[in-house]
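Here is a friendly briefing to read with the model open beside you. Keep the viewer handy and look up each residue as it comes along.

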Amino acid sequence: MKRRLQLTLVALIAALLSVVCLIPGVVVLVSLPLTVLWVGIPLLIGAVWVGRRLLNAHRSGAGYVLGRDVARPYRSERPQHRGFFVVVRALLTDEATWRDLLWIGVNATAGLSLVLLPPVFLAGAAAAVLLPLVALTPWVVPLADWWLQGLVGWLLAAGLLTAWWYATPPLVRAWATITNAMLGPSRTAVLSSRVAALTTSRADSVDSAAQEIRRIERDLHDGVQVRLVSLGMTVGLAEELIAAHPERARRLLEEAQDSVTATLQDLRRLVHGIHPPVLADRGLVGAVRALALDLPLDIDVRVRGFGADESARLPAPVEACAYFVISEALANVVKHSGADRGDIALELGPGTLRGVIRDDGRGGAEESRGSGLSGIRRRLATFDGTLAVTSPLGGPTILTMELPCVP
């Protein structure tokens, strides 16, 4: 009942907005031939601006009915070079402008036919229920007519309520489907957006790879190389002193041994930053469990879809991406959230790896605050993955990542 009332309200608002949308649509059509004159240019710009806001309301309503967002396919509404003719050209060459005009025409006929029926059914049923109540007044109609009028009213109300009950969801859903098809991005726009996203993610991937190479070079040059040079000098000095001062030579060799140990630790850290050995040995699940054990928090790891022994392996690049995303997310939890506990849920579905990292901290995580979320998003975008962040003030903070993969 509640859902049908909500759909009826959406249908009523959509019907009202459909009538209002005719005004900017007519103004656009009238102003098009007048663009050769100066008076048509501001009319066109204003009508398109108002129309787009009204149609965005239709997109919101259709998205509410369908349970998913209806994307706005418009190009940038603020061209870099200001000017009437530049704006007019951008509007007229935007495919979405003409799709909007086509939708206004279709919605004025088929759309109104769909969205008007649910509120009409409900209003008619309410009126039919009131009909016998009015007839109860003795001086309005004779008693015999009251029984007849009441029977007719109740039967009519029952029929209209039945029609409203069964017809509202399919009618409103049909309108939302038409709206999504015509006001959403076209296939060409989707492909263009996809190409742009892949181009951006590829550029980010190239930049990240270059930065990683520079980091490795810097770590080798400033850390391991210095230690090895020092080690060579220490061993050479010990070799010169071994005959004349064996005790000093022994101390130098002990220092050399300590330097070898420190160098090995540096190399392990460097290799861990490239591809953690635990990830290669134990897989993603084992590596995440080991990562959770090393944290000063109570972290619960839950796994689904990796098999009874949790040994299902993914492509190495996907495992590394997921591992470093979880590692960065947990580092944020430790440094910024003030949380006492958290949990990690990994689910391997058909063609998708889904991970949810949750903590009971203070919340308020934003990408603009240098929390590393933008880096996580870029890392995921390289593999066509997505990141969703929910972090209200007071918590909890929930990060949801999805990575396409084939086990």
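Ala-15 has a relative accessibility of 5%, so this residue counts as buried, the cut-off being under 20%. Ala-15 sits in helix α1, and its C-alpha lies 9.0 Å from that of Ala-108, a residue 93 positions away in sequence. Please bear in mind that this is a predicted model.

**Helix pairs**

- Helix α1, the home of Ala-15, covers residues 2–31 and packs with helix α2 (residues 40–66), their axes being 9 Å apart at an angle of about 165 degrees.
- That angle makes α1 and α2 roughly antiparallel, since angles over 145 degrees are classed that way.
- The α1 and α2 crossing is left-handed.
- Further along the chain, helix α8 (residues 277–293) meets helix α9 (residues 316–337), with axes that come within 10 Å and cross at roughly 25 degrees.
- Helices α8 and α9 are therefore roughly parallel to each other, because the angle limit for that label is under 35 degrees.
- The crossing of α8 and α9 is left-handed.

**Buried residues and their partners in space**

- Is Pro-119 buried or exposed? Its relative accessibility is 14%, so Pro-119 counts as buried.
- Pro-119 is placed in helix α4, which spans residues 95–135.
- From C-alpha to C-alpha, Pro-119 and Trp-164 are 8.1 Å apart, although 45 residues separate them in sequence.
- Leu-297 is found in the loop that runs between α8 and β1 (298–304).
- With 17% relative accessibility, Leu-297 counts as buried.
- The C-alpha atoms of Leu-297 and Leu-330 are 9.7 Å apart, and the two residues are 33 positions apart in sequence.

**A nonpolar patch on the surface**

- Which residues make the nonpolar surface patch of about 450 Å²? Met-1, Leu-5, Trp-165 and Tyr-166 make this patch.
- Tyr-166 belongs to helix α5 (residues 143–183).
- Tyr-166 has a relative accessible area of 61% and is therefore exposed, as the cut-off for that class is over 50%.

**Salt bridges**

- How many salt bridges are there? The count comes to nine, taking a side-chain nitrogen of Lys or Arg within 4 Å of a carboxyl oxygen of Asp or Glu.
- In one of them, Glu-254 pairs with Arg-250, and their closest N and O atoms are 2.5 Å apart.
- Why are Glu-254 and Arg-250 separated by about one helical turn? Because they are four residues apart in helix α7 (residues 246–274).
- Glu-254 is partly exposed at 38% relative accessible area, and Arg-250 is also classed as partly exposed, at 40% relative accessibility.
- This pair is part of a network of salt bridges that links Glu-247, Arg-250 and Glu-254.
- Arg-302 forms a salt bridge with Asp-300, where the closest N and O atoms are 3.9 Å apart.
- Both partners are partly exposed, Arg-302 with a relative accessible area of 44% and Asp-300 with 34%.
- Arg-354 and Glu-402 form another salt bridge, with 3.4 Å between the closest N and O atoms.
- Arg-354 lies in strand β3 (residues 352–359) and Glu-402 in strand β5 (residues 397–404), so this salt bridge ties together parts that are 48 residues apart in sequence.
- Arg-354 is partly exposed, its relative accessible area being 34%, and the value for Glu-402, also partly exposed, is 34%.

**A backbone angle to look at**

- Asp-384 has a phi near 65 degrees, which is a positive value in a residue other than glycine.
- Where is Asp-384 found? Asp-384 is in the loop between α10 (373–382) and β4 (386–390).
- Asp-384 has a relative accessible area of 40% and is partly exposed.

Definitions and conventions:
Residues are numbered from 1 along each chain as its sequence is written. This is a predicted model: local features need pLDDT of at least 70, side-chain atom pairs count only at pLDDT 80 or more; totals for chains, interfaces and linings use all residues. Side-chain values use heavy atoms; hydrogens and water are left out. Patches are made of residues with over 30% relative accessible area and no salt bridge: like charges are joined within 9 Å, nonpolar side chains (Val, Leu, Ile, Met, Phe, Trp, Tyr) within 5 Å. Accessible areas come from the Shrake-Rupley method with a 1.4 Å probe; for residues, only the protein chains shown count as cover. Helices (H or I, at least four residues) and strands (E, at least two) are DSSP runs, numbered from the N terminus. Buried means under 20% relative accessible area, exposed over 50%, partly exposed in between (1.4 Å probe, protein chains only). Axes are lines fitted to C-alpha atoms, for helices over the stretch in contact, and angles run from 0 to 180 degrees between N-to-C directions. Angles under 35 degrees count as roughly parallel, over 145 as roughly antiparallel, 65 to 115 as roughly perpendicular and the rest as oblique. A crossing is left-handed if the near helix is turned anticlockwise from the far one by less than a right angle, and right-handed if clockwise.
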